[in-house]
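Q: I'm new to this one, so could we go through it together, step by step?

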Amino acid sequence: MKKVVTALSALLFSTAAYAQEIKVGLMVTLSGPPAVLGRQVEDGFKLGLETLGGKLGGVDATLIVADTELKPDVALTRVKGLLERDKVDFVVGTVFSNVLAAIFKPVVQSETFLISPNAGPSTIAGENCNPFFFSTSYQNNQNFEVLGHYAQEQGFENVFMMVPNYQAGRDAAAGFKSNYTGNVVEELYTPLGHKDFSAEIAQMATSGADALFTFMPGGMGVNFVKQYHAAGLADKMTFLSAFTVDEATLPAQKEAALGFFGATTWAPNLDLPQSKAFVAAFEAKYGYIPGGFAMQAYDAVLLIDSAVRAVGGDMSDKAAVQAALEAADFESLRGKFSYNNNHFPIQDFYLLKVAQREDGKFQTEIAEKVFEDYSDSFAAECKM
Amino acid sequence: MTGVVQIRPVSERGISNGIWFGILLFALLALSPTLAQWTGETYLLTLIMKAMILATAALSLDLLIGRGGMVSFGHAAFLGLGAYVTGIALTEGISDVITILAMVIATSGLFALITGAISIRTSGVHFIMITLAFGQMLFFTFSSLSKYGGDDGISLWDLPELFGTRVFQSGHGLYYSILIILILTWVFLGRLADSRFGRVLRAAKENELRVATMGYRVYHYRLIAYVIAGMIAGVAGFLFACQAEFVSPATATWPRSGDLIIMVVIGGMGTRNGAVLGALFLVLTEEILSSYTRDWRLIFGPMLVLIVLFTKGGLTGFLDLALGRK
Amino acid sequence: MSMTLLLIQILNGLQYGILLFLIAAGLTLIFGVMGFINLAHGVQYMIGAYLIFMYHQLTGSFFISLALAAATAMVLGLILEYLIFRHLYDRDHLDQVLATFGVILFMNEAVKVIWGPATLIVPPPDILAGSFQLTEGLLYPTYRIALIGVGIAVAIGLYLLVTKTRIGMLVRAGATHPEIVSALGINIRGLFTIVFGFGAMLAGFSGAMAAPIFSVEPGMGDNLLIVTFVVIIIGGVGSIRGAFVAAIMVGLIDTLGRSFATNLLKLVVDPSAANQIGPALASMLIYVLMAAILFFRPEGLFPATKSA
């Protein structure tokens, strides 16, 4: 009976391939401490949809949110549900690179578009690039390359490096070293989820380094910054980092992070009208300062909206949709935004500094522009 | 006294041990693809495949826990090992199923032999801890293999070929391959349980001293069981890699070993069908609950506690009791 | 590698070990006396941390919050014992593993629902918020020194309690021969409840003490739980002295191992290989230690049957 009804409705409505609705599956981690980041992406995306009146490209949009639990195999099952059961037109995800690696293949093989609002591993930027994948964030190594460049320019002679022992951590170290040619006194790899840095901090204090480069996402960053500050190292070693002091961790780190450096493509105080409007709307709705994750998710909404509008809501011609996405014809919250051949953005990168606002909250602020129209180092390996 | 006392085989009726129940279950599983096609719920097949693979691993764990009385908290490591050997082989260009399976079985068997030889010297909670330790060690090793993705794992772009066919690659081919391996495992372990080997193992679980006095080297029997279980779990790992088309260290973590133990005990340990039912139950419940709420563990946790407190012999035992078959 | 660095790392290892001891003490008592594998000990530790956060929001005083947190943790532990755990003492280890696993799942989710998934901060009390000038460039937080002191005090207190008091004697006797103790007219069930409540309080207390250092987040007890089990296995189940020695050992080996393993490896293999293998090897060290102990001396270093 169900089959008959399905067939009838297909007959009745198949006159045009005009989509009744655009379905988007959002895959982020919503379990455990990293949920803070997934929540940002979710909030940013929902704000974007709301601003567009719940429509993408003029077509009614349905959002299905799925929790990856930061487990690749769970994410795999959930994404297959989104693809086979819900038949989504777009999959937006993920925050973490290892989960993205897991869902990448099924999504692109089903010819569904995968938009990443954060994760950008080098393999997907390089040899495994794919026409169905688009990033609205950056390639993972880029932020670290920015810091390496800055460290080189500032003339730090001895740098101490500490990253977590997983792929993104190794990418971070490699990215930094690609632009910094000075002396790396020590290269420490801590276990992922490490909480007590007293041993590592002791090594830093006795190393004689004048700057620290680190990448400690989420809870690791919260603990490390607090302990670093308590050990009195904040004034002795310049703190260069990525994803360690950001809007997700600053509410907990507070003064301990003041004056610390970060690097990325955007900060809440970016002086562009669309960005300021976004920050104000986000704070009004959710009560906290948005970070890069939320911004990138919002841009993902704008990207999809522009593409759907360009093809007039007709999702059947994949090549046309792809071309529309590549055009990136939307006003990004970052300002300048265009795509490289590997579907990663070409954009400006800034050095950020942690500061306190008048109302007492902490945020990252733009200190200086380090790279303009910067593309990633893996685009050449991509054959597209 | 004349004659030899015959040890009767475990009752083959009922849900827990019923051969007919098992056949019924497998028939249902065999028909599922057709049913799914008909109702349009093809997504369910992915879930069922995952459940069948875990059921294979759970059956092998039941050989240890249910029959042998050895609670291994590191069994997921074999799943991970099988998956990684498969993943590494495929990445390095080896794509023949037979070759890969041979490598998987050899590696799992060897790892089981070495770790088992040490672990089986202990018992009780010490055995639990030492198997956990070995599982952790394997997990840390996988995480540090940065050439093979490290913590991120590797996507498998090439899949195994059986004599040049794509049997292990497509949806239906893969589904039935998994089902066949599950059935073979079920038959093999069921036979093993009823054989003399199985009876010695079971007897040693009840009273090790008495079995030893009868002249059996319990240590050897247990070690052999451990190696068999390890090899089967390794094969399940191979299937896991084929189905997920992705390999990562997360497969070998201790909560995963915990999941396997849950499947065995909830299903009903030491029974023919318990592990299979337990695996299906766990996978499907998790899926159903999580579609209702993100905080599904708030319901699942207490569910687990209640099942432990109030059912003896797990779900199959409960069903048998309800149907008056025990 | 300087002498200063080595000394500092030893201090760090000691502090980590003391924290491990605080958690392990409760667990080894429960396991030793009741033979009960309490996987939920890790979430009881976590609850202690959340409780001190909650009370601190309400009262603003660290010490009052600490006391309240320990008391509440004990009450919560007793509730769990009454509802679930006491029905499991006679059951298989497996059933205990499963039921307590279910409790872990529930608790980790519950704290996330109540307090949200973000990492929460508990500041140390003002009088302990300063630092010692350890060396020229390094300050060592006073709070951590205080933690070491508290840990040693608790160790001595527990040891005296278990060896010198009547109830301690009952605990030791109940660990080895519960039937005889019961036959002597002692309410063994009551004894078990007291031990469990005490263990839960210790777990909550250590979570509360750890909060200013580690911050508070869901699942914070899960990986510590495994290390704690390693500690009590090495030390000998049921033995306070064993838990103390083993905890210090594990703390030192883990800390020193992580600091120096990679550097030591660089002496034999090239740096990039050392950077990859080193951390993995360092993480494995304590498990290797435990496996070795289990191989040569399965009952642990200080088995409860011989001494406390």
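A: Gladly, and one definition helps at the start: a disulfide is a pair of cysteine sulfur atoms within 2.5 Å. Please keep in mind that this is a predicted model.

Q: OK, how many disulfides does the structure hold over all chains?
A: Over all chains there is 1 disulfide, and it joins A:Cys129 to A:Cys382, with an S to S distance of 2.0 Å.

Q: And which hand does the disulfide of A:Cys129 and A:Cys382 have?
A: It is right-handed, because the torsion about the S-S bond is about 85°.

Q: Where do A:Cys129 and A:Cys382 lie?
A: A:Cys129 sits in the loop between helix 5 (122-125) and strand 6 (133-135) of chain A, while A:Cys382 belongs to the segment after strand 14 (362-374) of chain A, so the disulfide ties together parts that are 253 residues apart in sequence.

Q: Is A:Cys382 buried or exposed?
A: A:Cys382 is buried, with a relative accessible area of 6%, and A:Cys129 counts as buried too, at 13% relative accessibility.

Q: Switching topic, how much area is buried between chain C and chain B?
A: About 3500 Å², of which carbon and sulfur atoms give 81%. On the side of chain C, the residues C:Leu94, C:Leu98 and C:Phe101 supply 18% of the area that this chain buries against chain B, more than any other three residues.

Q: How many salt bridges are there across that interface?
A: The rule finds 1 salt bridge there, in which the side chains of B:Arg297 and C:Glu109 meet at 3.5 Å, N to O.

Q: Which element gives the largest share of chain C's side?
A: That is helix 4 of chain C, with 14 residues. By class, the side of chain C that touches chain B has 28 nonpolar, 5 polar and 6 charged residues.

Key. Residues are numbered from 1 along each chain as its sequence is written. Chains are lettered from A and ligands numbered from 1 in the order in which they are written. This is a predicted model: local features need pLDDT of at least 70, side-chain atom pairs count only at pLDDT 80 or more; totals for chains, interfaces and linings use all residues. Side-chain values use heavy atoms; hydrogens and water are left out. Buried area is the accessible area (1.4 Å probe) that two parts lose on being put together, summed over both. A salt bridge is a side-chain nitrogen of Lys or Arg within 4 Å of a carboxyl oxygen of Asp or Glu. Helices (H or I, at least four residues) and strands (E, at least two) are DSSP runs, numbered from the N terminus. Ala, Val, Leu, Ile, Met, Phe, Trp, Tyr, Cys and Pro count as nonpolar, Asp, Glu, Lys and Arg as charged, and the others, Gly among them, as polar. Buried means under 20% relative accessible area, exposed over 50%, partly exposed in between (1.4 Å probe, protein chains only).
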